[in-house]
Amino acid sequence: MSDDGLKRSINIFKPLPGTMQGEVQVIAMLLVACLLAVVGTQVAIWVLEESLDGFWLTELIFFNLPIHFWISGQFLPLLFIVLGLVFNLWMDRHELRRMEGTIRFRATGRKKGEVP
C-alpha cells in the first residue's frame, strides 16, 4: 500500500490519466459503432418494409435465409465479433508500443555441449 493513502482502483467511469483514457475512448467508440449498426439496420429494414411493401425483405434470399433475418440474426453478431477483434488488435499494438522503451529479458537457448 502507498503511504499517502490514495486508493488507486480501476474504474471505467474515472479512468486514470495516461493509457487508460485512450482505452476507454476506444471502448466507447466501438460501443457507439455497434449501437449505430444495430439501430441503423433495424431502421433501414423498417424503411424498406414501409416504402416498397416489403418486396426487398421477402424476395431477397441470402444463404437460404430472408435478407432481413440474415442481417438481424447473422450479420449483427458477426459485426460485434469483428469489432471485438479490432479492439484486441488495437490493444496489442498499443501495448507493444508502450513496451518498446522498457528493458525486456529474453531466455536464450543453450548450445550443444554447454553446461548450465
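So, contacts over distance along the chain: if you take the contacts in the protein chain with a separation of 6 or more, 51% of them are between residues 24 or more positions apart. Keep in mind that what we're looking at is a predicted model.

One pair to look at here is Ala 33 and Leu 79. They sit 46 residues apart along the chain, and their C-alpha atoms are separated by 9.7 Å. Ala 33 belongs to helix H1, and it's partly exposed, because its relative accessible area is 34%, and the partly exposed class runs between 20% and 50%.

Okay, the overall layout. We've got three helices and two strands in the protein chain. Walk along the sequence and the order goes α-α-β-β-α. Helix H1 covers residues 19-51, and helix H2 covers residues 55-59.

How much of the chain is buried? Of the 116 residues, 14% are. As for the surface, the accessible area of the chain is about 10,100 Å², and carbon and sulfur atoms account for 66% of that.

Let's stay with H1 for a bit, and take two of its residues, Val 39 and Thr 41. Which of the classes does Val 39 fall into, buried, partly exposed or exposed? Its relative accessibility is 44%, so it counts as partly exposed. Val 39 is also part of a nonpolar surface patch of about 540 Å². The other members of that patch are Leu 35, Val 38, Val 43, Trp 46 and Val 47.

Now Thr 41. This one is buried, because its relative accessible area is 16%, and the cut-off for buried is under 20%. And what does Thr 41 touch, if we leave out residues up to four places away in sequence? The answer is Leu 36, Ile 71 and Leu 76.

Last thing, how far to trust all this. The mean pLDDT for the protein chain is 76, and 71% of the residues score at least 70. Where is confidence highest, and where is it lowest? Highest is H1, with a mean of 84, and lowest is helix H2, with a mean of 70. The general caution is that wherever pLDDT is low, you shouldn't read the predicted coordinates in detail.

To recap on H1: Val 39 is partly exposed there at 44%, while Thr 41 is buried at 16%. Ala 33, also in H1, is partly exposed at 34%. That's it from me, happy to go back to the picture.

Conventions:
Residues numbered from 1 in each chain as written. Predicted model: local features only at pLDDT ≥ 70, side-chain atom pairs only at ≥ 80, totals over all residues. Heavy atoms only, no water. Helix = DSSP H or I, 4+ residues; strand = E, 2+ residues; numbered from the N terminus. Buried < 20%, exposed > 50% of the residue type's maximum accessible area, 1.4 Å probe, protein only. Contact = heavy atoms within 4.5 Å. Areas by Shrake-Rupley, 256 points an atom, 1.4 Å probe, with all protein chains shown as cover. Patch = residues over 30% accessible without salt bridge, like charges linked within 9 Å, V, L, I, M, F, W, Y side chains within 5 Å. Salt bridge = Lys/Arg side-chain N within 4 Å of Asp/Glu carboxyl O. pLDDT = per-residue confidence, 0-100.
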